[in-house]
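Please open the model in a viewer and keep the sequence panel visible. The tour below proceeds by selection, one stop after another.

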Amino acid sequence: VELHLESRQFYCPDCNRYVQEHFEFVGDSRTMTNRYEKHVYECCRHSTIERVVTQENIVWDSVQAIFTRYAKQETAFLSNYQPTRIGIDEFAIKKGHKDFATVLVDLDTGYVLDVLNFRLKDELIVYFKTKGDVFCSKIEVFSCDLWEGFISTAQTVFPNAAIIADRFHCSKLLNEVLDKERRKLRREFKQEAEYKNIKWLLFKHWETLNDKQKRTLLKVFRKSPILRQLYFAKNEWRNIFEDNISKNKAQDLLQTWIEDAKKLNHQGLNTFIKTLETHFEIILNFFTHRISNGIVEGTNNVIKMIKRMGFGFRNFDNFKLKILCQFA
């Protein structure tokens, strides 16, 4: 192999061509300069391995090896990282499959602490116990949705943590009650134009609607009093969580809200109330810490984007590393 310093290119007699400076046709497994490797790694962070292979004209194994090495270096600090407030959520590894993974996020920094290819309570308990008693005892806040597996795990392994039910997940459940009633009316009154195209209006808060949107909903509410009652019950729920009030004040307001909601005697709303009463204490914890799982939901959106860009990942470790370095 002959090195042409003046042209900063390598000439390969076997290939009978010049190749850019980042290649060395020798037995060394590191075939690129450090500067170019870092460039390849940054490309991989914001794109797919396949696209970088095509863009840089490098074999797949070399690109994957570079990304893996640099990503592990960049995320190595996570092995000894001690968060105090964490959020947890699940996401589907493959769309349409009952194959779920779990993501752990530091609510203060936004770091993805880990991505686990399981979500069952027993497996999560074992995972956190292997982190050690010191790690678990320093967790002060644990934010999650209302899935019993996450709540039971936190109660088992985090002795000093306040468990907080995500307020947005609760609102989502209430929106589903409202939307189910809308779909029921849509099926019963197929010829009624008023019930068309109002789904997203029902999800919006009354204060954010313009005059035209308000008139549209009022026209619907005149035909369906129960839909009106559910809508404004949802708005009252939202106002309680938006107000800067103490936990004791919130408890009084929520108990009053429950009593009023029960008077509607609506099946879907009664189911929501039962869920609310079951998890009443951890829902109230929001008013002490003012923490939600919003940052975790945002992380899940980025994970979905990564999956779409890569058309899925066959190797979970590569998928996990891609997520970790994206938020490091």
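The first stop is C170. Select this residue in the predicted model: C170 is buried, with a relative accessible area of 2%. Next, display the cysteine sulfur atoms. Which cysteine holds the sulfur closest to that of C170? It is C144, and the two sulfurs are 9.9 Å apart, too far for a bond. A disulfide is counted where two cysteine sulfur atoms lie within 2.5 Å, and by this rule the model has zero disulfides. Select C136 as well; its relative accessibility is 5%, so C136 counts as buried.

**Helix α7**

Extend the selection from C170 to helix α7, residues 167-188. This helix has 22 residues, and the distance from its first C-alpha to its last is 32 Å, close to the 32 Å expected at 1.5 Å a residue. C170 belongs to the buried residues of α7, among them also R167, L174, N175, V177 and L178. Further along, D179, E181, R182 and L185 are buried too.

**Helix α11**

Now select residues 247-264, which form helix α11. Its 18 residues should span 26 Å at 1.5 Å a residue, and the end C-alpha atoms are indeed 26 Å apart. Colour A250, L254, W257, I258 and A261, which are buried. These five cover an arc of only 105° around the axis, and therefore lie on the same side of α11.

Which residues are exposed on the face turned away from the buried side of α11? They are N248, E259 and K263.

Return to the buried side and show its neighbours. The buried residues of α11 pack against α7, visited above, and against α10 (225-242) and α12 (267-278). They also pack against α13 (280-284) and α14 (286-289). To leave the helix, select N265, which follows α11 and has a positive phi, near 50°.

**Strands β5 and β6**

For the last stop, select strand β5, residues 100-106, together with β6. The two strands run antiparallel and are joined by four bridges. Within this pair, V105 stands opposite V112 of β6. Five residues lie between the strands of this hairpin, where G110 takes a positive phi near 85°.

Is strand β6 mostly covered or mostly uncovered? Select residues 112-116: β6 is mostly covered, with five of its five residues buried.

Notes. Residues are numbered from 1 along each chain as its sequence is written. This is a predicted model: local features need pLDDT of at least 70, side-chain atom pairs count only at pLDDT 80 or more; totals for chains, interfaces and linings use all residues. Side-chain values use heavy atoms; hydrogens and water are left out. Buried means under 20% relative accessible area, exposed over 50%, partly exposed in between (1.4 Å probe, protein chains only). The expected span of a helix is 1.5 Å times one less than its number of residues. The arc is that of the directions from the helix axis to the C-beta atoms. Contact means heavy atoms within 4.5 Å. Two strands pair if DSSP finds at least two bridges between them.
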